[in-house]
Amino acid sequence: MRIVTHVNEMKSIADEYRKEGKIIAFVPTMGYLHEGHLSLVDIAKKKGDVCVVSIFVNPIQFGPGEDYDRYPRDVRRDERLLEQRGCDTLFYPSTSEMYPEDFLTRVRVEKLSNILCGKSRPGHFEGVTTVVLKLFNIVKPHVAVFGEKDYQQLVIIKRMVRDLNLDVEIVAGEIIREKDGLAMSSRNVYLDPVEREQATCLFRSLLLAQDMVKAGIRDTKTIIEAVNDFIKNFDRARIDYIKIVHPDTLEELEEIHDRARILLAVYLGGARLIDNMEIDVP
Ligand code: AMP
C-alpha cells in the first residue's frame, strides 16, 4: 500500500491511475478505523480498479468545544487494517497541507445543512462538504463510498455532487453494527461501561419504531413519542432529536405512506451518538 501525505503527490498518482484507464474508488474517513469503515473499502474494491482511502480529522467540521482534540487517532493500526483489506493508496495529509494559513473558501449546501444534526452542530456540514470537495479534487475518484451511518451527510454529499455537476458516483454502504446492535463508531470509545450498555437504546428504539409501523401505525407523532418515552428509561441518555423524514429530501413527515427513514441523535455521557434506519412499510 502506498502512503501519501502531500496533496501534489496524491494528484499525480490519481492522474497516473486515470491515464492507465483505472477506475478510482475512494473512501474518505477520519481514521481510527473499524469494521464500518472497512466494509466501505470492500465496496470500493468491488466498484473500482484501485481503492484510495483518506484519513484526515477535519478541524473545520468540529465546532468550538467539540471533540476535535480528543478524537481518537491510531494511524499505525489503521495502516495495518487497510493493508490487510487490500487498499492501494492511503492519503494521509497534515492539517497545514489541507488548510494553509490563507485558506478562505467554504462550500455550503443550503437548507439540508441546517436541520437535524446541523441544528446542534452549526457549521458542521459546511466543514464536511468543503473537505469532501477538496478531497474529490485531489483524489479524482470515479466512485466515492459513504456510510448510511451518517445518513444526513450522505444526502448532503449527493446533493452537492448533483448541484455542482461533479463527475463522481456516490455509493452508499449499509450501517455495520456491534452484536448488540450499537452502530460502530470511532466515538464509541468515549463510552464508559454503563454508557456502553445504555447505548443500545438507539438501535432498540429504531426497532420499536419499525415494529409500530409494521403494526399499522402511520402517524409519526405517535411513533416519535413512543421512541422518546423508551429512550427516557435510560438515565445516562439525553435526546438531541428524533425525526422521521423522507429519505431523499430529509423533509419531516407527518404520516408514513411509502418511503421513510427515522433518524436520531442521543448524548450518552460525553459522547453524541447518531443512528438511523429505513422504515419498511408493509
Ligand atoms: P468517519 O471516519 O466517522 O468520518 O466515517 C467515514 C465513513 O465511514 C463515513 O462515510 C461514515 O458514514 C462511514 N461509517 C462510519 N461508521 C459506519 C458504520 N458503522 N457502518 C457503515 N459506515 C460507517
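**Entry 1: a network.** I started with linked charges and found E35, D42 and R85 joined in a network of salt bridges. Note to self: this is a predicted model.

**Entry 2: the total.** Next I looked up how many salt bridges there are, and the count comes to 19. I keep in mind that side chains of opposite charge can pair when their charged atoms come close.

**Entry 3: E148 and R261.** I then turned to this pair, whose side chains meet in a salt bridge at 3.5 Å, N to O. E148 sits in the loop between β5 (143-147) and α7 (151-163), while R261 belongs to strand β8 (residues 260-268), so the salt bridge ties together parts that are 113 residues apart in sequence. Is R261 buried or exposed? I looked, and R261 has 5% relative accessibility, so it counts as buried.

**Entry 4: E20 and K22.** Here I found a salt bridge with the closest N and O atoms 3.0 Å apart. I checked both partners for exposure. E20 is partly exposed, its relative accessible area being 49%. K22 is partly exposed as well, with a value of 30%. For E20, I note that the exposed class begins over 50%, so 49% leaves this residue in the partly exposed class.

**Entry 5: K243 and E252.** My last stop was another salt bridge, in which the side chains of E252 and K243 meet at 3.4 Å, N to O. What is the relative accessibility of E252? I read 55%, so E252 counts as exposed. K243, at 24%, counts as partly exposed.

Definitions and conventions: Residues are numbered from 1 along each chain as its sequence is written. This is a predicted model: local features need pLDDT of at least 70, side-chain atom pairs count only at pLDDT 80 or more; totals for chains, interfaces and linings use all residues. Side-chain values use heavy atoms; hydrogens and water are left out. A salt bridge is a side-chain nitrogen of Lys or Arg within 4 Å of a carboxyl oxygen of Asp or Glu. Buried means under 20% relative accessible area, exposed over 50%, partly exposed in between (1.4 Å probe, protein chains only). Helices (H or I, at least four residues) and strands (E, at least two) are DSSP runs, numbered from the N terminus.
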